[in-house]
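Thank you all for coming. I would like to spend a few minutes on how some of the helices in this model pack against one another, and then turn to its interior space.

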Amino acid sequence: MLVNYSYKIRLYPNREQEKMMLAIIDGTRWVYNHYLEERKKHYLENKKTLPYLVMARDLTQLRRTNELLHPLQAEPLQQALRRLDSAYNSFFRKQNSFPKFKSGLDSRQSFQKHQDWRVQGKKIQIQKDLVVKFRGNIEGEDFGTLVVSWVSGRWFASISAKKDVKATKRFTKPIGIDVGSETLATLSTGEKFSNFRAQEKLQSKLTKAQRQLTKKKKGSYRRKKAKLKVARIYQKIADTRANHIHNTTHAIVNKNPSLIAIEDLNVKKMMGKRSVARSLGDASLGEFLRQITYKQEWRGGKVVKIDRYFPSSKTCSKCGFILDSLPLSKRSWKCPQCDTKHDRDVNAAKNILKQAS
């Protein structure tokens with residue numbers, strides 16, 4: 001089965017290549033900000049939005065005279081224009097907030113290419129005179145978008161491709177999964193996968209770096225250096241968390257269950273509660289549910305989501321008795337009807353599986 005596959009690889013440009021890529025980023029940011037300002041002016045004067053085709057024709061003329069844009073390829077600049085158009089349209093559809101001007105001080109910068117790039121062994125040819133080494137493996141066909149990003153002083157490339165994924169031929173018994181901030185995932189078989197708590201482990205280091213940043217003079221080199229240090233700690237937290245989520249979901253799906261039952265959680269609403277927002281964010285439940293879903297479907301298995309309001313933790317998985325209340329701090333309980341002792345999370349996972357069957 002052909003699936004849409006995404007790769008994120010580390011790039012290792014030399015000084016000259018890095019200079020060229022930074023120039024492309026500066027150019028795409030300038031185009032985005034310039035035409036955002038033009039659209040705002042046009043709307044205030046005419047009460048109509050400036051069409052994309054008008055801006056694209058103007059960009060073609062502007063490249064001939066602008067010293068910043070003239071040496072650059074046209075496509076990354078056009079893609080910046082398309083991103084602006086998409087952001088502008090999303091605002092008027094009430095899907096996102098109004099587009100903001102991009103700052104050169106951001107710790108994350110990027111540009112896109114859809115055409116005229118290719119993979120050459122362990123190198124990526126971004127354009128004719130820009131061939132950059134990378135680390136990692138890329139498999140697949142029909143490569144799509146290439147996104148080159150500068151993140152906290154490091155370079156990455158994100159690539160979309162079509163990849164042939166073989167479905168599982170032999171399935172095992174279905175499983176139910178209960179997710180939470182205390183334990184990331186608990187299976188109906190009793191197996192548990194811990195929450196790595198990446199931010200909690202690096203919080204003291206992050207706090208120290210943030211305090212040092214506040215003491216630096218605005219606009220100074222030392223402040224820029226301190227800001228980069230904070231950004232790198234945040235990036236390490238994100239990378240560690242993503243790695244743990246991938247390893248956990250891979251281990252669960254590798255059991256080849258014919259069906260995976262999970263709760264249809266509204267993670268965004270749950271994150272609105274201040275008391276649990278940090279722990280839920282550190283667990284990255286939304287990303288866990290997303291990965292477990294697509295990885296299971298790739299293997300040909302089923303994913304069933306049950307009602308988020310089903311009292312899985314308070315219901316006895318043996319006799320069906322439902323408790324009136326069960327505080328979050330209580331991790332185990334005894335059924336007053338059948339005297340069965342329950343681990344809170346394992347019991348919930350069993351009930352989730354029963355509800356999905």
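Before I come to any particular pair, let me give the cut-off on which the wording rests: an angle between helix axes over 145 degrees counts as roughly antiparallel, one under 35 degrees as roughly parallel, one from 65 to 115 as roughly perpendicular, and the rest as oblique. Please also keep in mind throughout that what you see is a predicted model.

With that in hand, consider helix α2, residues 52–65, and helix α3, residues 74–92, which pack at an angle of about 150°, their axes lying 11 Å apart. The two helices, α2 and α3, are therefore roughly antiparallel to each other, and α2 passes α3 in a right-handed crossing. On the α2 side the residues in this contact are Tyr52, Met55, Ala56, Leu59 and Arg63, and they meet Ala74, Leu77, Gln78, Leu81, Arg82 and Asp85 in α3. Sorted by class, the residues of the contact between α2 and α3 comprise 7 nonpolar, 1 polar and 3 charged.

Let me now bring in helix α1, residues 15–46, which packs with α2 at an angle of about 130°, with 12 Å between the axes. Here α1 and α2 are therefore oblique to each other, and again the description of the crossing, α1 passing α2, is right-handed. From α1 the contact takes Trp30, Val31, His34, Tyr35 and Arg39, while α2 supplies Met55, Asp58, Leu59 and Leu62. The classes in this contact of α1 with α2 are 6 nonpolar, 1 polar and 2 charged residues.

What, then, is the angle at which α1 and α3 pack? The value is about 40°, and the axes of α1 and α3 are 9 Å apart, so these two helices are oblique to each other, with a right-handed crossing. On α1 the contact is made by Ile24, Gly27, Thr28, Val31, Tyr32, Tyr35, Leu36, Arg39, Lys40 and Tyr43, and on α3 by Pro76, Leu77, Ala80, Leu81, Arg83, Leu84, Asp85, Ala87, Tyr88 and Phe92. In this contact of α1 with α3 there are 14 nonpolar, 2 polar and 4 charged residues.

I would like to finish with the interior, and to ask how many cavities of 30 Å³ or more a search of the whole structure finds. The search finds 1 such cavity, and the space in the largest cavity comes to about 30 Å³. Its lining is formed by Asn195, Phe196, Arg197, Ala198, Arg241, His244, Ile245, Asp282 and Ala283. The elements that give two or more residues to that lining are α5, residues 221–253, and α7, residues 274–283, and α5 gives the most, with 3 residues. Taken by class, the lining of the largest cavity holds 4 nonpolar, 2 polar and 3 charged residues.

Technical notes
Residues are numbered from 1 along each chain as its sequence is written. This is a predicted model: local features need pLDDT of at least 70, side-chain atom pairs count only at pLDDT 80 or more; totals for chains, interfaces and linings use all residues. Side-chain values use heavy atoms; hydrogens and water are left out. On a 1 Å grid over the protein atoms alone, a cavity is a set of points where a 1.4 Å probe fits but cannot get out, and a pocket is an open set with protein on both sides within 12 Å along at least five of seven lines; lining residues have an atom within 4 Å of a point. Grid points are joined across faces, edges and corners, and a volume is the space filled by probe spheres set on the points. Helices (H or I, at least four residues) and strands (E, at least two) are DSSP runs, numbered from the N terminus. Ala, Val, Leu, Ile, Met, Phe, Trp, Tyr, Cys and Pro count as nonpolar, Asp, Glu, Lys and Arg as charged, and the others, Gly among them, as polar. Axes are lines fitted to C-alpha atoms, for helices over the stretch in contact, and angles run from 0 to 180 degrees between N-to-C directions. A crossing is left-handed if the near helix is turned anticlockwise from the far one by less than a right angle, and right-handed if clockwise. Contact means heavy atoms within 4.5 Å.
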